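Biologist: Could we go through this model together? I have some short questions about its helices.

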Amino acid sequence: MENSSAAATGKQAKKEAKKAAKLAKKQKRRRTGWRRLLPTWRMVLGGVLLIVLLVSGALVTGYLLVSIPPPNDAAAAQTNVYLYADGTQIARDGEINRENITLGQVPKETQHAVLAAEDRDFYNESAVDPQAMARAGWNMVTGGERQSGSTITQQYVKNYYLSQDQTVTRKAKEFFIALKLDNEVSKNDILQGYLNTSYFGRNAYGIQSAAHAYYDKDVSKLTPAEGAYLAALVNSPNAYDTRAHPENKDRAVARWNYVLDGMVKEGWLSKSDRAGLKFPEPHRVKPPRNMSGERGYLVEAVKNYLINNKIIDERRLAAGGFRITTTFQPKKQKAMRDAVNDQLMAKLDKKNRKVDKYVRAGGASVDPKTGKVVAMYGGIGYTKQYTNSATRRDYQVGSTFKPFLFTAAIQHKSTTQDGRPIRANTIYDGTNKREVVSNGQGTGYAPANEDQRSYGKIPVSTAMDKSVNSVFAQMGVDVGPKKVKETAVDLGVPETVPNFTPDGSIALGVTTASTLDMAEAYATLANHGKHGHYSLVQKATRGGEVVNLPGHDPKQAVSRAAADSTTATLRSVVQGGTGTEAQSAGRPAAGKTGTAEEDKAAWFAGYTPDLATVISVMGQNPKTAVQEPLYGAGGQPRVNGGGYPAQIWGAYTKKALEGRPVKDFDLDTAGNGKLPGTQAPSSSPTTEAPSDEPSDEPSETQKPTDEPSSPQPPTSQPPSTPGPSIPEIGGVDGGDPGGDPGGNDGGATGDGSPSGDPGGGPGT
């Protein structure tokens, strides 16, 4: 009995001991302090499963609820309305150019080119790419750069069933419709629909319309090279049309090569066939008749402004429905048109002078205070001369770039090679073909002055008046080409314009900024160095939607002293330099003339306190589109900036500001510039040495010659280190460069070294 009782007691004790040990172990595992805030693995697993269930449920629900809608033809059929600043109509666009075809009519090479450009895994992948969509959606929500993130199926859904609106709701619908479509329609049918609905530019919807718009042929007759070009266009029709934007040809060719290389990689094109293909330059544009006259130029410029500034997506704009009020003022538009006609076009004789057929003119006018582009001249008529001469970027700006060097010198407190501050009265050596010096050594760069004229020792103000190349070539190295480019960009010249290389060539204007680009930069000088966003649109709506437009938001881009000192020197150019024809405006004015290599372009860039305007006259063969010299145009021996461009500028400015009070410039040069009203400096070399004697003795003054002489060999060998070469279109304005441009950065304390091949230096 006792044994039995003892055994029971022992079992009970063991049971209690196990229970106590279990409880102690549990208490030991219990988290304390900050560890209690962390979820357990069970909680994490449960949360993940819950999210998966919710997402799966949402996908299933979305798939079931969203149905394939009828084709959205109504959205594609809308028009855009463009208005002048006063509300009167400029034009309406949006006539749909589309012809549907079957996939069998499209050559296999063209089909493969489109796949290589847009979706190489189209036949093997799902209808959607969630990763790309998530990235695009995140950018859309956070305001980042817009991306499509779409497969060909998704793009077809957007083109055919939905709209081009960049919204999360539209993207979600696109996702589910694409999934359903992929289950119900064959890949071939989807590709056919995509080819029939994609926008290719030139108002062409679908590959058949694009074939006619770019190559004037049926799609079935497209060559592999032509098909690859049309495929390249889908990504960005506005950017890759080499006729509309000749300055973008390198980008277009690169995209074309990308397409062809993709075809080779996927096995759709042999390497040997690929090697034999040449870039197929598209035919000239045939603008719609309702865009005749100046209206087509204005509409085209506004479209580019909206697209390039990412205000409205290109495909969404093409879909139509927008009401766009521009900044163009009818009175000023008429004033510019009349000025070009009276001062230039009326003096041409196209029947008896072949060169007169080459003449083109461009103009852009900006209100410095508001940044609004108030007038633009693109050519004699959009349906006659398609390329807009106000926005094209393929002609040298010449000496209209020289004021930016002087602005940079004041802005950066630059000095000459011997340490003297660069101001309006700083003495330079204006001897013809004087070799540019960097850090005490010759660079081999010795640009010629116009008509080979030597000026000897002259102040900067006289060099600006007479546009002396030898002075500004040296100043470019003294300031430093990188600083010169930085200042020009601050003033408003886009950093991406062609031939804008920060080397010695930058000083003499080989860059090919547009007339509008230059007008914006000169407007910054007129506004005492303040630069803001420049606009061609003051309001845009679509139904009840009001499009967000960037504000002007001006900021002090360069110091007032730098801008006003430049204005003071440019006043002298108009008062007694190469720009005296601009006095016809009847107002205080500042400006600069410029002429490109071989007289292929002439410029006048100038401003009053109220208006900044740039006028260009260009030479182009109407059949080949090749740039042509303008010697003899209008019966003149040569066309330079002080002739037709300055005369047009004066006539336009006088009429555009008619009825407004005459304002004088309010300048604060801080002692760096010659104030307006003082006598222009003499163009003759000084007989007495100035107090701040330059370190380099000038050569003996040469007499002008009637014909430019041949380039002289460099006086010293440039360093062996190569640098960026001058563009082939670089040239001189009445003189020859004669050597390599020096100075990658330069300056009295810089490490500038010569770089580049013999090239241009535009002058007056």
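Modeller: Helix 23 covers residues 644–656, helices being DSSP runs of H or I with at least four residues, numbered from the N terminus. At 1.5 Å a residue, its 13 residues should span 18 Å, the expected span being 1.5 Å times one less than the number of residues. The end C-alpha atoms of helix 23 are 18 Å apart, which agrees. This is a predicted model, where local features need pLDDT of at least 70, side-chain atom pairs count only at pLDDT 80 or more, and totals for chains, interfaces and linings use all residues. Residues are numbered from 1 along each chain as its sequence is written, and side-chain values use heavy atoms, without hydrogens and water.

Biologist: How many residues of helix 23 are buried?

Modeller: In helix 23, 10 of 13 residues are buried, meaning under 20% relative accessible area with a 1.4 Å probe, protein chains only. Among them are Tyr 644, Ile 648, Trp 649 and Tyr 652.

Biologist: And what do the buried residues of helix 23 pack against?

Modeller: They pack against helix 16 (330–343) and strands 6 (359–366), 7 (373–377), 17 (601–607) and 18 (612–619); strands are DSSP runs of E with at least two residues.

Biologist: Changing topic, at what angle do helix 4 and helix 8 pack?

Modeller: Helix 4 (residues 108–118) and helix 8 (residues 187–197) pack at about 85°, with their axes 12 Å apart. Helix 4 is therefore roughly perpendicular to helix 8, a term for angles of 65 to 115 degrees.

Biologist: Which residues of helix 4 and helix 8 make the contact?

Modeller: Gln 111, Val 114, Leu 115 and Glu 118 of helix 4 meet Leu 191, Tyr 194 and Leu 195 of helix 8, contact meaning heavy atoms within 4.5 Å.

Technical notes:
Axes are lines fitted to C-alpha atoms, for helices over the stretch in contact, and angles run from 0 to 180 degrees between N-to-C directions. Angles under 35 degrees count as roughly parallel, over 145 as roughly antiparallel, 65 to 115 as roughly perpendicular and the rest as oblique. Buried means under 20% relative accessible area, exposed over 50%, partly exposed in between (1.4 Å probe, protein chains only).
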